2 protein chains.
Amino acid sequence: MLSKNLSKFIQSLHQKKYRQEHGAFLVEGAKSVREVLASGFQVDILLATEAFYKENDRLSDNQRPRIEIVTPADLERAGTLESNNTALAVVKIKENRPLIAEPNEWVLVLDDIRDPGNLGTILRIADWYGIRKIICSDTTADVYNPKVISASKGSFTRVAWWYGDIAGQLKQHPDVPVYGAFLDGSDVHRITFGRTGYLVMGNESNGIGPEVAALVSQRITIPRYGEAESLNVGIATAIILDNWRRSLT
Amino acid sequence: MLSKNLSKFIQSLHQKKYRQEHGAFLVEGAKSVREVLASGFQVDILLATEAFYKENDRLSDNQRPRIEIVTPADLERAGTLESNNTALAVVKIKENRPLIAEPNEWVLVLDDIRDPGNLGTILRIADWYGIRKIICSDTTADVYNPKVISASKGSFTRVAWWYGDIAGQLKQHPDVPVYGAFLDGSDVHRITFGRTGYLVMGNESNGIGPEVAALVSQRITIPRYGEAESLNVGIATAIILDNWRRSLT
């Protein structure tokens with residue numbers, strides 16, 4: 001049975017304020033919990049139904065978290081998922097370390113992406129295209145938000161991130177190309193991308209802000225053949241990364 | 001003020017059963033309502049706040065719907081949006097007419113796409129890439145679901161659809177290429193697409209069903225460079241359509 005105290009502690013982690021205070025976040029559902037147990041993240045507490053625990057008891061061997069056997073109702077009360085009959089993990093937040101684009105590496109830069117669903121989708125897409133690092137403006141949605149973790153479908157375990165002054169970070173490497181998505185850039189189908197670079201994606205409504213825009217060396221645009229006003233930022237990220245990979249082969 | 005009867009009628013249209021019974025669906029929010037008023041759809045009832053009506057009173061000139069001036073609270077009670085301070089339209093469902101790929105046309109085929117958000121996103125992407133027709137299995141989410149209409153961001157006014165026996169429909173045109181997204185197909189970066197064809201996208205978990213799979217003449221796959229297990233079906237549709245357009249130029 002889940003104690004009232006532990007249930008309250010887990011509920012507090014729905015909110016960014018308490019995640020920061022406790023240095024911990026939530027991972028929910030079978031696939032994500034299995035992935036986080038097998039990853040480099042430190043799992044402090046694992047709530048599992050009996051069935052999930054029986055099937056996965058060896059997975060937590062390296063981590064030795066505190067383990068509580070609970071019911072689906074406990075998981076649903078403490079967590080954020082409407083239905084969860086498997087598991088929930090309380091995981092330590094990682095240190096916020098700056099990341100840079102090494103030679104032959106692309107790094108994604110998010111300037112004020114506000115929607116947690118979009119951020120989670122972008123993590124998953126980055127992981128599909130082999131992007132290992134994402135740097136985020138402080139105004140970007142919190143990656144530890146349960147909605148982001150859930151939408152990333154486990155990809156949060158394979159992509160590193162840093163939050164901070166993205167313009168300051170880009171200025172420190174003036175020799176590395178900075179690509180950015182704009183409405184008035186060059187056709188993404190005709191660009192030959194370099195093997196090293198930053199790709200900046202901007203806010204859902206307003207695009208890339210002026211400070212970061214000034215640092216973009218190559219503005220790119222996805223050509224439109226019909227009449228939709230815009231593409232969702234997750235979709236746009238996927239299309240640009242696909243064109244980047246395609247141009248390198 | 002919104003009468004109880006009208007509010008109840010609108011609430012009933014949240015459900016497919018009543019949409020079919022009344023042959024009507026809901027369009028909500030300023031952008032979507034403006035687009036539907038300017039489209040070929042017949043708007044029967046327009047609920048508008050005073051502010052929205054003052055700004056858009058000429059828009060309904062062609063349609064002459066019944067107009068009710070209401071409050072945001074009325075819109076939120078009758079409609080599905082959490083917040084709506086503009087408008088809601090009750091619109092006539094169109095006749096379900098079969099669609100085929102004409103020469104130099106691509107038609108999207110959806111085999112059991114269940115999630116309304118995904119379907120709405122696919123409508124928007126189709127509209128971006130100039131796809132005008134979508135044919136859907138009867139098991140695909142209802143396009144008139146308010147979540148689909150809302151996620152399509154107005155693109156539902158520019159794309160036509162038909163629901164029915166998609167395998168039967170494809171069999172009637174055996175000379176037209178049928179492309180389909182699979183995990184074991186040819187690399188989408190290396191295919192030269194034809195100007196005429198069908199593109200089949202399958203169910204979120206199970207992909208394209210066996211009956212339709214048997215009719216696919218060209219299996220295609222989006223290459224993976226990292227470790228994510230899969231891409232969302234909306235993202236995959238966008239990437240394939242982008243590669244199709246790119247290969248034609």
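Which residue in strand 10 of chain B stands opposite B:Y179? The exercises below lead to this pair and its surroundings.

The model is predicted: local features need pLDDT of at least 70, side-chain atom pairs count only at pLDDT 80 or more, and totals for chains, interfaces and linings use all residues. Residues are numbered from 1 along each chain as its sequence is written, chains are lettered from A and ligands numbered from 1 in the order in which they are written, and side-chain values use heavy atoms, with hydrogens and water left out.

**Exercise 1. Place B:Y179 in its sheet.**

Step 1. Helices (H or I, at least four residues) and strands (E, at least two) are DSSP runs, numbered from the N terminus, and two strands pair if DSSP finds at least two bridges between them.

Step 2. In chain B, 6 strands with parallel pairing form an open sheet in the order 7-6-5-9-8-10. Strand 7 (160-164) and strand 10 (218-221) of chain B are at the edges, each with a single partner strand, so one side of each lacks a neighbour in the sheet.

Step 3. Strand 8 (residues 178-187) of chain B pairs with strand 10 of chain B in the parallel sense over 5 bridges, and the residue opposite B:Y179 in strand 10 of chain B is B:Q218.

**Exercise 2. Describe how helix 6 and helix 10 of chain B pack.**

Step 1. Two packed helices are described by the angle between their axes and the distance between those axes. Axes are lines fitted to C-alpha atoms, for helices over the stretch in contact, and angles run from 0 to 180 degrees between N-to-C directions.

Step 2. Helix 6 (residues 116-128) and helix 10 (residues 233-248) of chain B pack at about 15 degrees, with their axes 9 Å apart. The two helices of chain B are therefore roughly parallel to each other (angles under 35 degrees count as such, over 145 as roughly antiparallel, 65 to 115 as roughly perpendicular and the rest as oblique).

Step 3. The contact (heavy atoms within 4.5 Å) involves B:N118, B:I122, B:I125 and B:A126 of helix 6 of chain B, together with B:V233, B:G234, B:T237, B:A238 and B:L241 of helix 10 of chain B.

**Exercise 3. Relate chain A to chain B.**

Step 1. Chain A is superposed on chain B by a rotation of 180 degrees with 0.0 Å of shift along its axis (RMSD 0.0 Å), fitted by least squares on the C-alpha atoms of residues with pLDDT of at least 70 in both. That is the relation of a two-fold axis.

Step 2. Of the interface residues of chain A, 100% are also interface residues in chain B, so the copies meet through the same surface.
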